[in-house]
Amino acid sequence: MCAEKIRESVIAGSWYPDNPETLRNEIAGYLDRARPHPGRENLIGLVAPHAGYMFSGEVAAHAYRQLEDSRFERVLIVAPSHRTRFPSSTIYHLGGFRTPLGVVPLDFDLVQAFLEHPQVRGYYPQAEDQEHSLEIQLPFLQVVLGEFKLVPIIMGNQTYEHCTELAELIEKLCRNKNVLLIASSDLSHYHSYREAKQLDGIVTARVAAFDCRGLFRDLNDGACEACGAGPMVAVMLASGKLGANVSRVLHYANSGDVTGERSGVVGYMAAAFYRE
């Protein structure tokens, strides 16, 4: 077997601290200020934001606090491609992901199983090269879970058809395997504080209602915004197929709540999908 090609961090020192102790303490502080919700023992999927921790760390912590006392051995993250478009989804399959807290190993068996299906058509290096939306989730997971194996999916095609196909594949390959699903997404971008809350309120209402098709329709029609629209819808659909019947919006805020600058903000949501 060839030696692994570890994927090095491209955002440590900018989007989050590059000092391990500082990073761990910052995440622990965010988690201490969040609260767990009933039903987390039957958790199937999460939505977490992907901005720099100083902007969205407080919101992300509300998602990751639900993993308190959990025993997930595998984590599948679906994240959007911000810089490159391609006709399906892609998986980095060459080796683990390094953060200041260590290397997160790949689940090579599950990664290979995904690569054998057309919904995940190989590996697009340009999609992963400088992408932050998947990596930003890893330090939180390293703190709350400790050891786990990763399946890193980046979506280039965010049509409803591909969301459905990917959700069906996730159900097929992950059923009975104790896999946590995570969608990486921010919400509206660079609207006024009041406009952002109106736009993002449409997303949170659809998510709270577990209305996948309605959410996609509103996003597609421009009634609201999310840069991880496809990952959100795919993970919602897959969570439902794997038994989730409750959707809960855990927290919402935007960058204006952190910085005080309200003329152009970015929205963030934490949500969870449970089996009740």
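Which residue takes a positive phi just after H8? In this predicted model, the residue in question is glycine 222, whose phi is about 85° and which follows directly on the helix. Helix H8 itself spans residues 212-221, and its buried residues are Cys212, Gly214, Leu215, Phe216, Asp218 and Leu219. The packing partners of these buried residues are three other helices, namely H6 (160-174), H7 (193-208) and H9 (229-241). At the opposite end from glycine 222, where H8 starts, aspartate 211 places a side-chain oxygen within 2.8 Å of the backbone nitrogen of glycine 214, a residue that is itself among the buried positions of the helix.

Helix H2, which covers residues 53-64, contains valine 59, and serine 56 is found in the same helix. Valine 59 has a relative accessible area of 2%, and because this value lies under the 20% cut-off, the residue is classed as buried. Serine 56, likewise at 2% relative accessibility, also counts as buried. When residues up to four places away in sequence are not counted, valine 59 touches Pro49, His251, Ala253, Tyr268, Met269 and Ala270, whereas serine 56, with its neighbours within four places left aside, is in contact with Pro49, His50, Ala51 and Tyr268. Pro49 and Tyr268 therefore appear in the contact lists of both valine 59 and serine 56. The C-alpha atom of valine 59 is also separated by 10.0 Å from that of glycine 267, a residue 208 positions away along the chain.

Across the whole structure, a search finds seven aromatic pairs. One of them is formed by tyrosine 64 and phenylalanine 140, whose ring centres are 5.2 Å apart and whose planes meet at 15°, so the pair is stacked. Because tyrosine 64 lies in helix H2 and phenylalanine 140 in helix H5 (residues 138-145), the pair ties together parts of the chain that are 76 residues apart in sequence. Tyrosine 64 counts as buried, with a relative accessibility of 1%, and phenylalanine 140 is also buried, at 1% relative accessibility. These two residues belong to a cluster in which ring pairs link Tyr16, Tyr30, Tyr53, Tyr64 and Phe140. A further arrangement that involves an aromatic ring is that of arginine 262 and tyrosine 193, in which the charged end of the arginine sits over the tyrosine ring, 3.8 Å from the ring centre.

Note on methods
Residues numbered from 1 in each chain as written. Predicted model: local features only at pLDDT ≥ 70, side-chain atom pairs only at ≥ 80, totals over all residues. Heavy atoms only, no water. Buried < 20%, exposed > 50% of the residue type's maximum accessible area, 1.4 Å probe, protein only. Helix = DSSP H or I, 4+ residues; strand = E, 2+ residues; numbered from the N terminus. Contact = heavy atoms within 4.5 Å. Polar contact = N/O pair within 3.5 Å; in protein donor to acceptor, adjacent residues only side chain to side chain. Phe/Tyr/Trp six-rings, centres within 6.5 Å; stacked < 30°, edge-to-face > 60°. Lys NZ or Arg CZ within 6 Å of the ring centre and 35° of its normal.
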